[in-house]
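User: Could you take a close look at one part of this protein for me, the sheet and the core packed into it? I'd like the cut-offs behind each term as well, please.

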Amino acid sequence: MSSAGHRARSGLLGGLVAGLTIAGLATVPAEARTSWVSGTYVYADLCTMPADGAQAGRRITLKRWPKGDNLVYEGAGLPAPIETAVSINDSTKDVAFHVETSAGLVSFRGTAGSDALVGTLHGADGAQPLRLKRVLRARAQETCPGETTGSIN
């Protein structure tokens, strides 16, 4: 075989090996992430009372960012949403926060799941269980179905 033919064959073989190496790297499975993905997570049961149009319930919006996390707390009886710091454990998804409202301090400790935020809310009325469904899409405020889960007085 001539040296030109040998070089061409070596070049082809080298390209094939390089291509297989790159293709092999592309098929290595990605490692599982141990922390939540950055973004916004909304949990709510806010609704409108049919009789008088008053709001009932609450909405908790978790904002996860690489530089830190915060939370926006909205509820019936509050004049405006309140933004506050939040403590989140990435491995257990435990969530804790404290908010100062016109009715006094409100605190929460619980777990944020893919479908709901579940835990205990402590306020002026004492401790009460809280379960807020995760809201995936913005929609018009719904009418309250009979008994509501949480006006803040």
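Analyst: Happy to; here is a walk from the whole chain to the sheet, and then to the core and two of its residues.

First, a word on the basis. This is a predicted model, in which local features need pLDDT of at least 70 and side-chain atom pairs count only at pLDDT 80 or more, while totals for chains, interfaces and linings use all residues. Residues are numbered from 1 along each chain as its sequence is written, and side-chain values use heavy atoms, with hydrogens and water left out.

The protein has one helix and 12 strands, where helices (H or I, at least four residues) and strands (E, at least two) are DSSP runs numbered from the N terminus. Along the sequence, the helix comes before the strands. Of the 153 residues, 32% are buried, meaning under 20% relative accessible area with a 1.4 Å probe, protein chains only.

Now to the sheet. Nine strands form an open sheet in the order 6-5-4-1-11-10-9-8-7, with antiparallel pairing; two strands pair if DSSP finds at least two bridges between them. Strand 6 (82–85) and strand 7 (87–88) are the edges: each has a single partner strand, so one side of each has no neighbour in the sheet. At one of these edges, strand 7 pairs with strand 8 in the antiparallel sense over two bridges, and Ser 87 has Ala 96 in strand 8 as its bridge partner.

The largest nonpolar core holds 20 residues, and Ile 60, Leu 62, Tyr 73, Val 95, Phe 97 and Leu 117 touch the most other members. Such a core is a set of buried Ala, Val, Leu, Ile, Met, Phe, Trp, Tyr and Cys residues joined through side-chain atoms within 4.5 Å. Elements giving two or more residues to this core include strand 1 (39–44), strand 4 (58–65), strand 8 (94–101) and strand 10 (116–123).

Leu 117 shows how this looks for one residue. Leaving aside neighbours within four places in sequence, its contacts (heavy atoms within 4.5 Å) include Tyr 43, Ile 60, Val 95, Phe 108 and Leu 130.

Finally, Ala 44 lies in strand 1. Ala 44 counts as buried because its relative accessibility is 15%. Beyond the neighbours within four places in sequence, Ala 44 is in contact with Arg 58, Arg 59, Leu 132, Lys 133 and Val 135. Ala 44 and Ala 116 are 72 residues apart in sequence, with their C-alpha atoms 8.8 Å apart in space.

Key. Buried < 20%, exposed > 50% of the residue type's maximum accessible area, 1.4 Å probe, protein only.
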